[in-house]
Amino acid sequence: MTGRNWRAGIALTAALMVAACSTSPKAPVAGPGEYVVQPGDTLYRIALKAGRSPGEVARWNNLQDPDRLEAGQVLRVVPPGGTSSEPSARSAGAERSERSRPPRAAVPEPEPATPPASRRSDWTWPAQGQVIAGFNGSSNKGIDIGGSLGEPVLSIGAGKVAVTETLRGYGSVLMVDHGGSYMSVYTNVRSMLVKQGQQVQKGQKIAEIGGADGGRAKLHFEIRHRGNAVDPRQYLPAR
């Protein structure tokens, strides 16, 4: 091969490599308030990670079938800004500009203030035991209720079962959507007696208290409003 042909071959190879790189699909990037679906993810797992209800995430993303998510799909996990469901030309251009920037960590949008605590006459306690660990908003985002293995766990109010899964960091978890952006969360449970999507009533047995921790069985219970953990004792009937 002559020097001229050799140089031409090198140039052609470089051009082909550039073309291949330019046509290869780009990995999806999560913008502010977004999440990229990973293999094995479910809507309920994503919602729990984001501190949201599955219904909210489904609504913000117009999901017709929440059970059919695809790896690489980008979902909004914070409330969309504004009231219009159709982006303006300016916002669309801004979104394209945002997509062209290097990847960056998602930044949550400001949350509305948590509403003042209010006793709920339509709610009841989820278990009969005494509170053995209280809410502090950081290391404990709910309360721990002492009990015995197999004691009933009750739905605090009427609602729809949103989650019946085993999640890392939570163990067996059951979540009930009560409407009005309120969710109740029950963990450290066993023998879940309801299914995802099932309607439940106040005081209905939905599970049993599960494994012991440090020699004592307990139920970990949370109430969340718009994804934010609130002190359950401020909402449940006074004891």
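This is a short walk through one protein structure, from its strands to its rings and one of its pockets. Keep in mind along the way that the model is predicted.

Let us begin with strand 4, which covers residues 143-146. Its residues face two ways: Ile143 and Ile145 point to one side, Asp144 and Gly146 point to the other, and all of them are buried. Strand 4 has partners to look for as well. It pairs with strand 3 in the antiparallel sense, over 2 bridges, and here Val131 stands opposite Ile145. It is also joined to strand 13 by 4 bridges, again with the two strands running antiparallel. In that pairing, Gly146 stands opposite Lys218.

Lys218 deserves a pause. This residue sits in strand 13, which spans residues 216-225. Is Lys218 buried or exposed? Its relative accessibility is 18%, and because the limit for a buried residue is under 20%, Lys218 counts as buried. Its side chain makes a polar contact with the side chain of Asp144, at 3.2 Å. Asp144 is itself one of the buried residues of strand 4, so you can find both ends of this contact by following the two strands you have just met.

Follow strand 13 onward and you come to the loop that leads to strand 14 (228-230), where Arg226 is placed. Arg226 has a positive phi of about 55°, although it is not a glycine. With a relative accessible area of 35%, Arg226 is partly exposed. A similar case can be found in the loop between strand 7 (171-179) and strand 8 (182-187), which holds Ser181. Phi of Ser181 is near 65°, a positive value in a residue other than glycine. Ser181 is partly exposed too, with a relative accessible area of 29%.

Strand 8 brings us to the aromatic rings. How many aromatic pairs does the structure hold? There are 3 aromatic pairs. In one of them, the ring centres of Trp123 and Tyr182 are 5.6 Å apart and the planes stand at 80°, so the pair is edge-to-face. Trp123 lies in the loop between helix 4 (89-100) and strand 3 (131-133), while Tyr182 belongs to strand 8, so this pair ties together parts that are 59 residues apart in sequence. Both Trp123 and Tyr182 are buried. Another pair is formed by Tyr186 and Phe221, with ring centres 5.2 Å apart and planes at 55°, so this one is tilted. It links distant parts of the chain, since Tyr186 is in strand 8 and Phe221 is in strand 13, 35 residues apart. Tyr186 and Phe221 are both buried. To complete this part of the tour, look for Tyr235: ring pairs link it with Trp123 and Tyr182 into a cluster.

Now turn to another group of strands, an open sheet of 3 strands. Its order is 5-11-9, and the pairing is antiparallel. Which strands form the edges? They are strand 5 (152-154) and strand 9 (189-190), each of which pairs on one side only. Strand 9 is joined by 2 bridges to strand 11, which covers residues 205-209, and the two run antiparallel. To find this pairing in the model, start from Arg190: its bridge partner in strand 11 is Glu208.

Our last stop is the second largest pocket, which holds about 210 Å³ of space. Its lining includes Leu43, Tyr44, Pro54, Gly55, Lys160, Val161, Asp177 and Gln196. Which elements give two or more residues to this lining? They are helix 2 (43-50), helix 3 (54-60) and strand 6 (159-167). By type, the lining residues divide into 7 nonpolar, 3 polar and 2 charged.

Helix 2 is a good place to finish. Its buried residues are Leu43, Tyr44, Ile46, Ala47 and Leu48. Two of these names, Leu43 and Tyr44, also appear in the lining of the second largest pocket. An α-helix has 3.6 residues a turn, so residues three or four places apart point the same way. Just after helix 2 comes Gly51, which takes a positive phi of about 70°.

Conventions: Residues are numbered from 1 along each chain as its sequence is written. Side-chain values use heavy atoms; hydrogens and water are left out. Two strands pair if DSSP finds at least two bridges between them. On a 1 Å grid over the protein atoms alone, a cavity is a set of points where a 1.4 Å probe fits but cannot get out, and a pocket is an open set with protein on both sides within 12 Å along at least five of seven lines; lining residues have an atom within 4 Å of a point. Grid points are joined across faces, edges and corners, and a volume is the space filled by probe spheres set on the points. Ala, Val, Leu, Ile, Met, Phe, Trp, Tyr, Cys and Pro count as nonpolar, Asp, Glu, Lys and Arg as charged, and the others, Gly among them, as polar. Buried means under 20% relative accessible area, exposed over 50%, partly exposed in between (1.4 Å probe, protein chains only). A polar contact is a pair of N or O atoms within 3.5 Å; within protein, one must be able to donate a hydrogen and the other to accept it, and residues adjacent in sequence count only if both atoms are side-chain atoms. Rings of Phe, Tyr and Trp (its six-membered ring) pair if their centres lie within 6.5 Å; planes under 30 degrees apart count as stacked, over 60 as edge-to-face and the rest as tilted.
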